[in-house]
Amino acid sequence: MKQDVFMLGGQEFQSRFILGSGKYNVELIQAAVENAGAQIITLAVRRANSMGEGNIMDFIPEGVTLLPNTSGARNAEEAVRIARLSRELGCGNFVKVEIMRDSKYLLPDNQETVKAADLLTKEGFVVLPYMYPDLNTARDLVNAGAAAVMPLAAPIGSNKGLATREFIKILIDEIELPVIVDAGIGRPSQACEVMEMGAAAVMANTAIATAGNIPQMASAFRKAIEAGREAYLSGLGRVRESGGEASSPLTGFLRD
Amino acid sequence: MKINGVQKEYSEGLTVSEMLIKEGFQKERVAVELNEEIVPKDDYETIVLRAADVVEVVSFMGGGSK
């Protein structure tokens, strides 16, 4: 089988599982990353705590690509400001643009996201925009120079699964960039399903962070994502609209 | 000056680098914004803070979204 490489922002990855690092103890990060087989991990930028509190950077295994997000930004200007700070923290030029005005459902603001993507690609960032799965916005993001699109499956942190399935499918069919399904994926089976549909990768955080056993769930997701990818590459078997079709020969030798 | 939203009474003439030490920040783990402009790490020793300055000191923390 030929090697299946995931290209993102000019870098090669083998893993198609992007792991979030929020909502759980930093001491579990290493085990989660290892069990997930993840090569990319998302981080947030916040006001620093003084007095030598455990820094998350001490817990992330070496060689993992950091994907800072702009969470907390309410418009493009704030997202740009957070992105610049994240780059100044010295961990590369990947940025996940996240802009939310709505604090109840935490839905991304597509318009501001396009604006931010445009500004940030001009500053040399590899821009991965979190978005509501809308084809027109996705096309605008392509034009803005984004490196991928990251449509939500359901509201962030909800674990509700593929509420936007049909619209994600449209993006997969129509957009040349990698489609990374982000937010709302609650179970390995849902991660598997989007990978079968042809998503390039899956990002998950809450599904892992709120699981009974975090490293074990990371491992379950890894397997599901790999299985879904392999199924996509192999081409799913066809669906028969009605009736059945035997897969064993029906030669009725007992009656001959 | 204001550091991460808190008013601090430091005498004028403090460099960014001195402020980080006094406040207990790990220099290599933070990024600094002075009046909404990023301060490059190379300038920490030379840039002097004024009473009216607004300083933000940020670092990475766990986050998926929001």
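## Close-up views

**Helix α1(A) passes helix α8(A) in a right-handed crossing.** Right-handed here says that the near helix is turned clockwise from the far one by less than a right angle, and an anticlockwise turn would be left-handed. Everything shown comes from a predicted model, in which local features need pLDDT of at least 70, side-chain atom pairs count only at pLDDT 80 or more, and totals for chains, interfaces and linings use all residues. Residues are numbered from 1 along each chain as its sequence is written, chains are lettered from A and ligands numbered from 1 in the order in which they are written, and side-chain values use heavy atoms, leaving out hydrogens and water. Helices (H or I, at least four residues) and strands (E, at least two) are DSSP runs numbered from the N terminus. The pair in this view consists of α1 (residues 29-36) and α8 (residues 214-234) of chain A, whose axes come within 7 Å and cross at roughly 20°. That angle makes α1(A) roughly parallel to α8(A); angles under 35 degrees count as roughly parallel, over 145 as roughly antiparallel, 65 to 115 as roughly perpendicular and the rest as oblique. Axes are lines fitted to C-alpha atoms, for helices over the stretch in contact, with angles from 0 to 180 degrees between N-to-C directions. On the α1(A) side the contact is made by Ala31(A), Ala32(A), Glu34(A), Asn35(A) and Ala36(A), and on the α8(A) side by Ile214(A), Pro215(A), Ala218(A), Ser219(A) and Arg222(A). Contact stands for heavy atoms within 4.5 Å. By class, the contact of α1(A) with α8(A) has six nonpolar, two polar and two charged residues, where Ala, Val, Leu, Ile, Met, Phe, Trp, Tyr, Cys and Pro count as nonpolar, Asp, Glu, Lys and Arg as charged, and the others, Gly among them, as polar.

**Helices α4(A) and α5(A) also make a right-handed crossing.** Here you can follow α4 (residues 135-144) and α5 (residues 165-174) of chain A, with axes that come within 10 Å and cross at roughly 35°. Leu135(A), Ala138(A) and Arg139(A) of α4(A) meet Ile170(A), Leu171(A) and Glu174(A) of α5(A). This contact of α4(A) with α5(A) holds four nonpolar residues, no polar ones and two charged ones.

**Strand β4(A) runs parallel to β5(A), joined by four bridges.** Two strands pair if DSSP finds at least two bridges between them. Look for Ile41(A), whose bridge partner in β5(A) is Leu66(A). Thr65(A) and Leu67(A) point one way from β5(A), Leu66(A) and Pro68(A) point the other way, and all are buried. Buried means under 20% relative accessible area, exposed over 50%, and partly exposed in between (1.4 Å probe, protein chains only).

**Strand β7(A) has both of its faces buried.** In β7 (residues 126-131) of chain A, six of its six residues are buried. Val126(A), Leu128(A) and Tyr130(A) point one way, while Val127(A), Pro129(A) and Met131(A) point the other. β7(A) pairs with β6 (residues 94-97) of chain A in the parallel sense over four bridges, and Val95(A) has Val127(A) as its bridge partner.

**Ala48(A) touches chain B.** Ala48(A) sits in the loop between β4 (40-47) and β5 (65-68) of chain A. Because its relative accessibility is 9%, Ala48(A) counts as buried. Leaving aside neighbours within four places in sequence, its contacts are Asn4(B), Phe25(B), Val30(B), Val57(B), Val58(B) and Ser59(B).

**Thr206(A) is in contact with Lys23(A).** Thr206(A) belongs to helix α7 (residues 206-209) of chain A and, at 11% relative accessibility, counts as buried. Beyond its neighbours within four places in sequence, Thr206(A) also contacts Gly157(A) and Asn159(A). Lys23(A) lies in the loop between β3 (17-20) and α1 of chain A and counts as exposed at 56% relative accessibility. A detail to check in your own torsion plot: phi of Lys23(A) is near 70°, a positive value in a residue other than glycine.

**Two spots in chain B close the set, Ser17(B) and Asn35(B).** Ser17(B) is part of helix α1 (residues 16-23) of chain B and counts as buried at 5% relative accessibility. Apart from neighbours within four places in sequence, Ser17(B) is in contact with Lys27(B), Tyr44(B) and Glu45(B). Asn35(B) is found in the loop between β3 (31-34) and β4 (37-39) of chain B, and its relative accessible area of 39% makes it partly exposed. Phi of Asn35(B) is near 50°, a positive value in a residue other than glycine.
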